[in-house]
Amino acid sequence: MINTVNRELEKALEQRTGQKVRDCYQCKKCSAGCPIAFAMDLVPHEVMKMVQYGQERRLMRSSTIWLCASCETCTTRCPNEIDIAAVMDGLRQMALEAGESLGEPEVGMFHKSFLGGIKYTGKTNEPILIGAYKTLSRRLFDDLGLGAVMLARRKIKILPRVVKDRAGMRRIFDRTEGGPK
Ligand code: SF4
Ligand code: SF4
């Protein structure tokens with residue numbers, strides 16, 4: 001029996017990010033330059049290989065996609081001009097949409113809280129970010145003392161800042177496949 005490779009993941013990623021992962025020929029320059037590689041369970045060239053082999057489940061659950069700092073060093077080094085940082089971002093969104101158990105749950109919760117705040121206010125807002133993250137992580141009372149100090153020093157604003165065209169901001173997210181739900 002001939003085993004065929006499942007190309008669905010590769011196609012879905014290309015549609016979402018515009019990147020042709022099939023062009024990767026495993027030179028490993030991305031992994032050699034990645035400053036976070038030491039902490040990853042799959043280094044960048046391994047991620048690319050697994051995309052080519054359709055290993056969706058393994059990738060969705062990897063810690064790598066959440067540890068990636070989007071620094072784009074890999075993207076700059078790739079001789080095939082693959083935007084590996086964009087591929088990592090695409091995989092993050094796919095993992096959230098698939099409802100998979102995330103490789104780094106707290107980073108995933110932070111990511112969701114951060115983008116959710118921007119979607120509904122159009123700006124980065126500490127009160128919304130902190131509130132959403134603490135609710136999702138169920139760590140409501142951690143860092144209370146530190147929060148009080150930051151409030152007293154006006155490092156955190158109580159009222160969120162909001163752009164005028166909030167509906168327009170939501171439309172941008174709605175048009176962008178993979179925006180926070
Ligand atoms: S963008 Fe992510 S994968 Fe690429 S070098 Fe930076 S941390 Fe590593
Ligand atoms: S640098 Fe580009 S071609 Fe080389 S392994 Fe990484 S993704 Fe593949």
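This tour moves through a predicted model, from the whole chain to its ligands, its core and two loop residues.

**The whole chain**

Begin by displaying the protein chain as a cartoon. Its secondary structure comes to 11 helices and zero strands, so that, from the N terminus on, each element in the series is an α element. The C-alpha atoms fill a box of roughly 65 × 35 × 35 Å along the principal axes. Of the 181 residues in the chain, 27% are buried. Consider next the contacts with a separation of 6 or more: residues 24 or more positions apart account for 65% of them.

**The two domains**

Select residues 8-98 and give them one colour; this is domain 1 in the domain assignment. Then select residues 105-175, which that assignment gives as domain 2. How many Å separate the centres of domain 1 and domain 2? Taken over C-alpha atoms, the separation is 27 Å.

**Ligand 1**

Select ligand 1 and show the residues around it. There are 14 of them, and the closest are Cys34, Cys68, Cys71, Cys74 and Ala85. By class, this shell holds 10 nonpolar, three polar and one charged residues. Now colour α6 (73-77) and α7 (84-98), each of which supplies at least two residues of the shell. Which helix gives the most to the shell around ligand 1? It is α7, with three residues.

**Ligand 2**

Move to ligand 2, which 16 residues surround. The closest to ligand 2 are Cys24, Cys27, Cys30, His45 and Cys78. The shell around ligand 2 consists of 10 nonpolar, three polar and three charged residues. Two helices to select here are α2 (29-33) and α3 (44-52), each supplying at least two residues of this shell. The greatest contribution to the shell around ligand 2 is that of α3, with three residues.

**The nonpolar core**

Hide the ligands and select Val21, Val51, Leu59, Ile65, Ile84, Met88 and Leu91. In the largest nonpolar core, which has 29 residues, these touch the most other members. The elements giving two or more residues to this core are α1 (8-17), α3, α4 (56-60), α5 (64-67) and α7. The largest share, seven residues, comes from α7. The helix α7 is already familiar from the shell around ligand 1, to which it gives the most residues.

Keep Ile84 selected and display its contacts. Which residues does Ile84 contact, leaving aside its neighbours within four places in sequence? They are Cys30, Pro44, Cys74, Thr75 and Cys78. Several of these names have been met before: Cys74 is among the closest residues to ligand 1, while Cys30 and Cys78 are among the closest to ligand 2.

**Two loop residues**

Most residues other than glycine have a negative phi. The last two stops depart from this pattern.

Select Glu81, in the loop between α6 and α7. Although it is not a glycine, Glu81 has a positive phi of about 55 degrees. Is Glu81 buried or exposed? Glu81 counts as exposed because it has 10 C-beta neighbours inside 10 Å, and a residue with 12 or fewer is classed in that way.

Finally, select Arg138, which is found in the loop between α9 (126-137) and α10 (144-152). Arg138 is a residue other than glycine, and its phi is positive, near 55 degrees. With 9 C-beta neighbours inside 10 Å, Arg138 therefore also counts as exposed.

Terms used
Residues are numbered from 1 along each chain as its sequence is written. Chains are lettered from A and ligands numbered from 1 in the order in which they are written. This is a predicted model: local features need pLDDT of at least 70, side-chain atom pairs count only at pLDDT 80 or more; totals for chains, interfaces and linings use all residues. A residue is near a molecule or strand if its C-beta atom, placed from the backbone, lies within 6 Å of it. Helices (H or I, at least four residues) and strands (E, at least two) are DSSP runs, numbered from the N terminus. Ala, Val, Leu, Ile, Met, Phe, Trp, Tyr, Cys and Pro count as nonpolar, Asp, Glu, Lys and Arg as charged, and the others, Gly among them, as polar. A residue is buried if 20 or more other C-beta atoms lie within 10 Å of its own, exposed if 12 or fewer, and partly exposed in between; C-beta atoms are placed from the backbone. Two residues are in contact if their C-beta atoms, placed from the backbone, lie within 7 Å. Domain bounds come from an automatic or database domain assignment. A nonpolar core is a set of buried Ala, Val, Leu, Ile, Met, Phe, Trp, Tyr and Cys residues joined through C-beta atoms within 7 Å.
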